[in-house]
Amino acid sequence: MMFVLSNFINAIAVILRIIIDFEIFMIIVSVILSWIMHMNYHPVRQFFDSMAELVVGPIRRWLPFLHIGVVDLSPMVAILLLIFLDSFVVETLFDLARVLR
């Protein structure tokens, strides 16, 4: 019966990894578009910016000192935080699922 719990935990880890990878992609595309596409109201840019703001927005509010002049380091901190969550939380869930089998 533990294999059911193991499969459930494994599925949660897979979904979390997909969400984290998707968010990292959204942040990277948002940053690139901010460099090359200066039309803030373009629908494509608004989509990527709104998806990136899910993680970057709170970091900008909690750590306002990351905005140095015209350089905003909060996307980099957000990506590092997401990589940490992937390496720690998701890998821990995968390891827990393996142990329960």
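1. Let me start with Asp 86, which counts as buried because its relative accessibility is 16%, and the cut-off for buried is under 20%. Bear in mind as you read that this is a predicted model. Asp 86 sits in helix α3. Setting aside neighbours up to four places away in sequence, the residues it contacts are Arg 17, Ile 20 and Glu 91.

2. So what does the side chain of Asp 86 pair with in a salt bridge? The partner is Arg 17, with an N to O distance of 2.9 Å. This is a link between distant parts of the chain, since Arg 17 belongs to helix α1 and Asp 86 to helix α3, 69 residues apart. Arg 17 has 24% relative accessibility, so it counts as partly exposed, whereas Asp 86 is buried. Glu 91 comes in here as well: together with Arg 17 and Asp 86 it makes up a network of salt bridges. As a general point, side chains of opposite charge can pair when their charged atoms come close.

3. On to helix α1, where the length checks out. With 35 residues at 1.5 Å each, α1 should span 51 Å, and its end C-alpha atoms are indeed 51 Å apart. Its buried residues include Ser 6, Ile 9, Ala 13, Ile 20, Glu 23 and Ile 24. Further along, Met 26, Ile 27, Val 29, Ser 30 and Leu 33 are buried too. What do the buried residues of α1 pack against? They pack against α2 and α3. If you want to trace the pattern along the helix, recall that an α-helix has 3.6 residues a turn, so residues three or four places apart point the same way.

4. Now the nonpolar core. The largest one has 18 residues, and those touching the most other members are Ile 27, Val 55, Ala 78 and Leu 82. At least two residues of this core come from each of α1 (2-36), α2 (43-62) and α3 (74-100). Which helix gives the most to this core? That would be α3, with eight residues. Apart from this core there is another, made of five residues, among them Met 26, Val 29, Met 37 and Phe 48. In soluble globular proteins, nonpolar side chains tend to be buried together.

5. Val 55 deserves a look of its own. Leaving out neighbours within four places in sequence, its contacts are Glu 23, Ile 27, Ala 78 and Leu 82. Ile 27, Ala 78 and Leu 82 turn up again among the core members that touch the most others, while Glu 23 is one of the buried residues of α1.

6. Back to the charged pairs, of which the structure holds six salt bridges. One of them joins Asp 49 to Arg 45, with the closest N and O atoms 3.2 Å apart. Because these two are four residues apart in helix α2, about one helical turn separates them. Arg 45 is buried, at 9% relative accessibility, and Asp 49 is partly exposed, at 22%.

7. Last, Asp 72 and Arg 60. Their salt bridge has its closest N and O atoms 2.7 Å apart. Asp 72 is in strand β2 (residues 71-72) and Arg 60 in helix α2, so this pair ties together parts that are twelve residues apart in sequence. Asp 72 is partly exposed, at 25% relative accessible area, and Arg 60 is partly exposed as well, at 35%.

Definitions and conventions: Residues numbered from 1 in each chain as written. Predicted model: local features only at pLDDT ≥ 70, side-chain atom pairs only at ≥ 80, totals over all residues. Heavy atoms only, no water. Core = buried A, V, L, I, M, F, W, Y, C linked by side-chain atoms within 4.5 Å. Buried < 20%, exposed > 50% of the residue type's maximum accessible area, 1.4 Å probe, protein only. Contact = heavy atoms within 4.5 Å. Expected span 1.5 Å × (residues − 1). Salt bridge = Lys/Arg side-chain N within 4 Å of Asp/Glu carboxyl O.
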